[in-house]
Amino acid sequence: MSELQTKILHILKDGAFHSGESLGEKLGVSRTAVWKQLQKLEKLGLQLESVKGTGYRVQAGFEPLDQATILQKLATKSGLAPQRLDVFQSIDSTNKYLRERAGDPDYFRSAVFAESQTLGRGRRGKTWVSPFGANIYLSILWDFELGAESLGGLSLAIGVAVRRALLTIGLDGVQLKWPNDIYIGQKKLGGILLEMVGDPAGHCSVVVGVGINVSMSSASAAEIDQDWTDINTELAEPCSRNQLASALVGNIFDLLHDFQEVGFTQYRDEWQLADAFKGLQATVSTPREAISGTVLGVDAGGALEMRLVNGETQRFIGGELSLRLAK
Ligand code: BTN
């Protein structure tokens with residue numbers, strides 16, 4: 001996004017009406033130039049109200065993501081901070097961006113946010129609905145030395161870190177749905193997408209992608225094919241996206257810092273306490289079949305354990321599987 005768009009958003013974030021003329025005057029550009037940028041932002045999904053003769057305003061509580069604010073609020077137990085932290089206004093996918101930079105020393109332990117994604121990616125080839133300025137789209141790049149085998153359960157552990165971050169902004173009652181979903185009250189609040197690049201047996205890079213719904217408009221949500229919720233529905237006060245952004249980076253960095261040493265076992269109990277499906281009848285679908293049973297929990301490696309009708313316990317390893325409540 002252009003610098004002009006950023007400046008316009010910083011004026012509009014007060015939630016008041018501003019005419020095209022006054023915006024133009026403040027920024028030293030024409031009314032038409034302002035209008036063109038606003039149109040572009042609207043196309044990206046910015047919720048903009050325009051009233052003839054009065055001007056433009058964004059929804060109350062709109063808070064642009066800001067690199068300096070996110071870094072200033074950042075606190076990690078490990079003392080680690082991202083080598084770089086970028087905020088894009090629009091990008092195809094934050095995961096794709098960092099995947100393409102895996103192994104580049106300039107991006108070692110870096111974090112990327114975007115205000116909107118044009119090709120946001122979800123699990124199992126799905127699209128992640130990513131309208132402008134409404135949610136959190138974050139990716140983090142991290143290197144591991146011991147290969148993919150040492151990373152069993154990492155994506156579940158990231159769920160624990162995301163839940164911890166949500167607790168810091170006052171959101172309790174967050175649950176985790178195997179393998180990678182963030183839930184509240186059987187509705188999806190967010191998701192995690194881990195992608196690995198490099199040697200599965202040795203040095204590899206992991207891109208941790210996190211999408212959290214903060215204030216999803218019903219127009220954007222029309223594209224979501226499952227029950228969903230957002231933070232502003234669940235919290236009495238609107239959430240500060242910059243505060244949440246810092247809490248996410250801090251908690252995920254601490255987890256990534258510790259994970260190779262302690263493994264999933266360290267996070268398993270916390271994961272199980274938050275399990276949205278524990279004890280419920282559910283169905284696991286693989287590309288070939290659907291298997292139903294009672295969800296028991298997860299094992300030390302993060303595999304789902306389910307008791308089948310014949311009394312046997314079956315384990316399922318993440319990947320392309322999906323888990324749903326039995327009908
Ligand atoms: C899921 O399907 O539940 C996982 C969704 C992950 C979405 C996030 S948004 C930031 C990052 N960039 C992407 O393209 N996807 C992930």
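I took two aromatic rings of Phe, Tyr or Trp as a pair if their centres lie within 6.5 Å. I note at the outset that this is a predicted model.

**Entry: aromatic pairs.** I searched the whole structure and recorded five aromatic pairs. I began with F88 and Y97, whose ring centres are 4.9 Å apart. Their planes stand at 65 degrees, and an angle over 60 counts as edge-to-face, so I entered F88 and Y97 as an edge-to-face pair. I then looked up Y97 with Y107 and found an aromatic pair that is also edge-to-face, with 6.1 Å from centre to centre and 75 degrees between the planes.

**Entry: position in the chain.** I placed Y97 in helix α5, residues 94-99. Y107 lies in the loop between α5 and β4, the latter being residues 111-114. The two tyrosines are ten residues apart, and their pair links distant parts of the chain.

**Entry: the cluster.** Which residues do the ring pairs link into a cluster? I listed F88, Y97 and Y107.

**Entry: burial.** Is F88 buried, partly exposed or exposed? I found a relative accessibility of 25% for F88, and because buried requires a value under 20%, I recorded F88 as partly exposed. Y97 has a relative accessible area of 12%, so I entered Y97 as buried. Y107 is buried as well.

**Entry: a charge over the rings.** I next checked R101. The charged end of R101 sits over the ring of Y97, 3.7 Å from the ring centre. R101 also lies over the face of Y107, at 5.6 Å from the centre of that ring.

Methods
Residues numbered from 1 in each chain as written. Predicted model: local features only at pLDDT ≥ 70, side-chain atom pairs only at ≥ 80, totals over all residues. Heavy atoms only, no water. Phe/Tyr/Trp six-rings, centres within 6.5 Å; stacked < 30°, edge-to-face > 60°. Buried < 20%, exposed > 50% of the residue type's maximum accessible area, 1.4 Å probe, protein only. Helix = DSSP H or I, 4+ residues; strand = E, 2+ residues; numbered from the N terminus. Lys NZ or Arg CZ within 6 Å of the ring centre and 35° of its normal.
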